[in-house]
Structures are given as C-alpha cells and as structure tokens.
Amino acid sequence: MRKSGRGRAAVLATARVLGRVAPVMLGVVVAVFFLLRLVPGDPAAMILGERATPQALAALRAQLGLDLPLWQQFTDFLWGLITRFDTGDSLVTGVSTRELILAKAPVSLGIVVFAVVLAVIIAVPLAVTAALRQDGWVDHLVRILPAVGMGMPLFWIGLLLIIVFGVQLRWFPVGGVGTGPGSRS
C-alpha cells in the first residue's frame with residue numbers, strides 16, 4: 001500500500017512540474033517565433049541577394065511558406081515542432097536547425113558538466129572551512145566573494161576569465177573548443 005502511495009505522489013509531482021514547464025516552453029516558442037518575424041528584412045531577399053528577380057523572390061517565399069498568413073506560419077511551425085520535433089531549416093545555411101543544435105549539444109553539455117564539477121570542487125572545501133572557522137578570514141571571504149561576483153556584469157566576469165585563463169595562463173583556447181580539454185589547437 002505504501003509503494004502505490006509513493007508512486008502516486010511521484011506521478012503527481014511530475015505532473016505539477018510538467019504543468020509549470022509546458023506554459024513556459026509554449027511562451028518561449030511563441031515569443032521567439034513572433035520576435036523573429038519582427039526583425040527587419042526579407043529572408044528571401046537575404047538568401048537570393050539584392051539582384052534577385054521578383055519572380056525568384058516570390059517562388060522562394062512560397063517554398064519557405066513566407067507567403068502564408070502569419071497565424072498559419074505559426075501553426076505549421078508549432079505542429080511540426082510537436083509532431084516531428086522539427087525546428088525548421090536555417091535560412092542562412094539551409095541545414096536543419098535541429099541538426100545544428102544537436103551538433104553543438106555535446107560541447108555545451110561538456111561546458112556545463114565542467115562548470116558544475118569545478119563549482120563543487122571549489123565551493124565544498126571553502127564552505128566546510130568557513131563553517132569550521134566561523135568569523136575567520138576564510139568565512140568572511142566566502143561571504144564577500146559571492147556578493148562581489150553578483151554585483152559584476154556577467155560579460156565582465158567572462159572577459160576577465162578569458163584574459164586570465166585563456167590569454168595569461170594559456171590553459172584554454174580563447175576561441176573555439178580545440179581538440180581536447182585545455183588544448184590550444
């Protein structure tokens with residue numbers, strides 16, 4: 001009897017989380033879709049160039065579905081996203097954006113895992129030391145550093161990290177991912 005109660009609670013908790021995530025995801029999809037449509041310029045003209053004929057522009061707009069009403073473009077996009085996980089094709093390269101995202105996902109996940117491991121390696125010993133020596137200099141440092149970091153803009157922190165670890169110490173490549181952890185190639 002207890003196991004079924006726990007299972008039901010887990011299902012309800014999962015349903016609550018999905019109930020919160022679904023509207024947020026839908027809001028993001030709606031916002032991104034319509035904000036991209038507000039960007040000035042004609043995608044067909046960008047692809048074909050400024051010397052494109054009106055007939056070629058009309059044909060490409062029809063091929064891309066840009067000649068359809070905005071509501072129909074959105075419903076077609078949403079239906080493809082829900083049924084086939086199709087995020088469309090890049091207007092610049094013509095490649096599926098899903099393929100572009102999946103190609104970069106391992107690098108992004110590697111950065112996330114590295115950041116989490118590094119944060120734990122640094123934070124746990126500092127927190128333990130601060131807890132053992134309350135009101136000591138380590139305790140004060142552990143309290144002040146996060147406040148200073150939160151007060152700095154993220155782009156500034158990122159720039160400082162690039163300068164220190166990429167340029168000065170040469171531990172990481174400044175641009176690109178290289179061939180392995182910490183590689184310079």
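**Exercise 1. Helix H7**

Work out the span expected for helix H7 (residues 154-168) in this predicted model, and set it against the distance between its end C-alpha atoms.

*Solution.*
- Step 1: H7 has 15 residues.
- Step 2: The expected span is 1.5 Å times one less than the number of residues. For H7 that should give 21 Å.
- Step 3: The end C-alpha atoms of H7 are 20 Å apart, which agrees.
- Step 4: Look past the end of the helix. Arg170 follows H7, and its phi is positive, near 55°.

**Exercise 2. H5 against H6**

Describe how helix H5 (residues 97-132) packs with helix H6 (residues 137-151).

*Solution.*
- Step 1: Take the geometry. The angle between H5 and H6 is about 130°, and their axes lie 8 Å apart.
- Step 2: Classify the angle. It makes H5 oblique to H6, because 65 to 115 degrees would be roughly perpendicular and over 145 roughly antiparallel.
- Step 3: Give the hand. The crossing of H5 past H6 is left-handed.
- Step 4: List the contacts. H5 brings Leu126, Thr129 and Ala130; H6 brings Val138, Asp139 and Val142.
- Step 5: Sort these residues. Four are nonpolar, one is polar and one is charged.

**Exercise 3. A salt bridge**

Which residue does Arg61 meet in a salt bridge, and where in the chain do the two partners sit?

*Solution.*
- Step 1: Count the salt bridges. There are four.
- Step 2: Find the partner. The Arg61 side chain meets that of Asp42, at 2.2 Å from N to O.
- Step 3: Check the cut-off. A salt bridge needs the nitrogen within 4 Å of the carboxyl oxygen.
- Step 4: Place both ends. Arg61 is in helix H3 (residues 54-64), and Asp42 is in the loop between helix H1 (2-38) and helix H2 (43-48).
- Step 5: Note the separation. The two are 19 residues apart, so the pair links distant parts of the chain.

Definitions and conventions. Residues are numbered from 1 along each chain as its sequence is written. This is a predicted model: local features need pLDDT of at least 70, side-chain atom pairs count only at pLDDT 80 or more; totals for chains, interfaces and linings use all residues. Side-chain values use heavy atoms; hydrogens and water are left out. Axes are lines fitted to C-alpha atoms, for helices over the stretch in contact, and angles run from 0 to 180 degrees between N-to-C directions. Helices (H or I, at least four residues) and strands (E, at least two) are DSSP runs, numbered from the N terminus. Angles under 35 degrees count as roughly parallel, over 145 as roughly antiparallel, 65 to 115 as roughly perpendicular and the rest as oblique. A crossing is left-handed if the near helix is turned anticlockwise from the far one by less than a right angle, and right-handed if clockwise. Contact means heavy atoms within 4.5 Å. Ala, Val, Leu, Ile, Met, Phe, Trp, Tyr, Cys and Pro count as nonpolar, Asp, Glu, Lys and Arg as charged, and the others, Gly among them, as polar.
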